[in-house]
Amino acid sequence: QVQLVESGGELVQAGGSLRLSCATSRRTGSNTFMAWFRQAPEKEREFVAATSWSGINTNYADSVKGRFTISRDNAKNTVYLQMNSLKPEDTAVYYCAARPSVLGPLKSENFGSWGQGTQVTVSS
């Protein structure tokens, strides 16, 4: 299991921006696949975005395409999620997740490593 620590979540006004960070506690393999998920109160965890180790291959949920951007700095073992044009429905705890392969559905059950989450609240 890889230790992941999220940061950057806070309360913002609708239309604002935030950048979340996910730092690993130890070096990961070159083929490590990382993703962001989110979970609102009383709802199941849902996929947000994912990236390969190179940062070239990315995936986004339809609900965030054009607004969110995932990227990574491998020298710091850190993955970022730039969130623009935030909406109240983006309010959730955001989790960083990792798995060793790019293969497989983008569902929470297919990721074995998880951070503790960071709260993002968007007011209207």
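Where is N77 found? Keep that question in mind while you look over the whole chain, and remember throughout that what you have open is a predicted model.

**The whole chain**

Begin by showing the entire protein chain as a cartoon, where you will be able to trace 11 strands and zero helices, so that the order of elements from the N terminus on reads β-β-β-β-β-β-β-β-β-β-β. The radius of gyration of the protein chain is 13 Å, close to the 14 Å that the globule rule gives for 124 residues, and therefore the chain is as compact as a globular protein of that length. If you turn the model along its principal axes, the C-alpha atoms fill a box of roughly 40 × 30 × 25 Å. Switching to a surface view, you are looking at about 6500 Å² of exposed area, of which carbon and sulfur atoms supply 46%, while buried residues make up 44% of the 124 residues.

**The open sheet**

Next, select strands 1, 3, 8 and 7, which form an open sheet in the order 1-3-8-7 with antiparallel pairing. Strand 1 (4-7) and strand 7 stand at the edges and have a single partner strand each, which means that one side of each is left without a neighbour in the sheet. As you look across the sheet, the twist from one strand to the next averages 20°.

**Strand 8**

Now select residues 78-83, which make up strand 8; five of the six residues here are buried, so the strand is largely enclosed by the rest of the structure. On one side, strand 8 pairs with strand 3 (residues 18-24) in the antiparallel sense over six bridges, and if you pick A23 you will find that its bridge partner in strand 8 is T78. Strand 8 is also joined to strand 7 (residues 68-73), again by six bridges and with the two strands running antiparallel. To follow this second pairing residue by residue, pick S71, which stands opposite Y80 in strand 8, and then R72, which stands opposite V79. While the side chains are displayed, it helps to recall that in a regular strand the side chains alternate between the two faces of the sheet.

**The turn and N77**

Follow the chain from strand 7 into strand 8, and you will pass through a hairpin with four residues between the two strands. This brings you to the opening question, since N77 is found in the loop between strand 7 and strand 8. The backbone of N77 deserves a careful look, for this residue has a positive phi of about 50° although it is not a glycine. Is N77 buried or exposed? With a relative accessible area of 17%, N77 is buried, because the cut-off for buried is under 20%.

**T24, a contact of N77**

From N77, move to T24, whose place is in strand 3. Leaving aside its neighbours within four places in sequence, T24 is in contact with V2, Q3, L4, M34 and N77, and you can display these residues together. T24 is buried too, with a relative accessible area of 13%.

**S85, beyond strand 8**

Finally, continue along the chain to S85, in the loop between strand 8 and strand 9 (92-99). S85 has a positive phi of about 50° although it is not a glycine, and at 41% relative accessibility it counts as partly exposed.

Terms used:
Residues numbered from 1 in each chain as written. Predicted model: local features only at pLDDT ≥ 70, side-chain atom pairs only at ≥ 80, totals over all residues. Heavy atoms only, no water. Buried < 20%, exposed > 50% of the residue type's maximum accessible area, 1.4 Å probe, protein only. Pairing = 2+ DSSP bridges. Contact = heavy atoms within 4.5 Å. Axes fitted to C-alpha atoms, helices over the stretch in contact; angles between N-to-C directions. Rg over C-alpha atoms; globule rule 2.2 N^0.38 Å. Areas by Shrake-Rupley, 256 points an atom, 1.4 Å probe, with all protein chains shown as cover.
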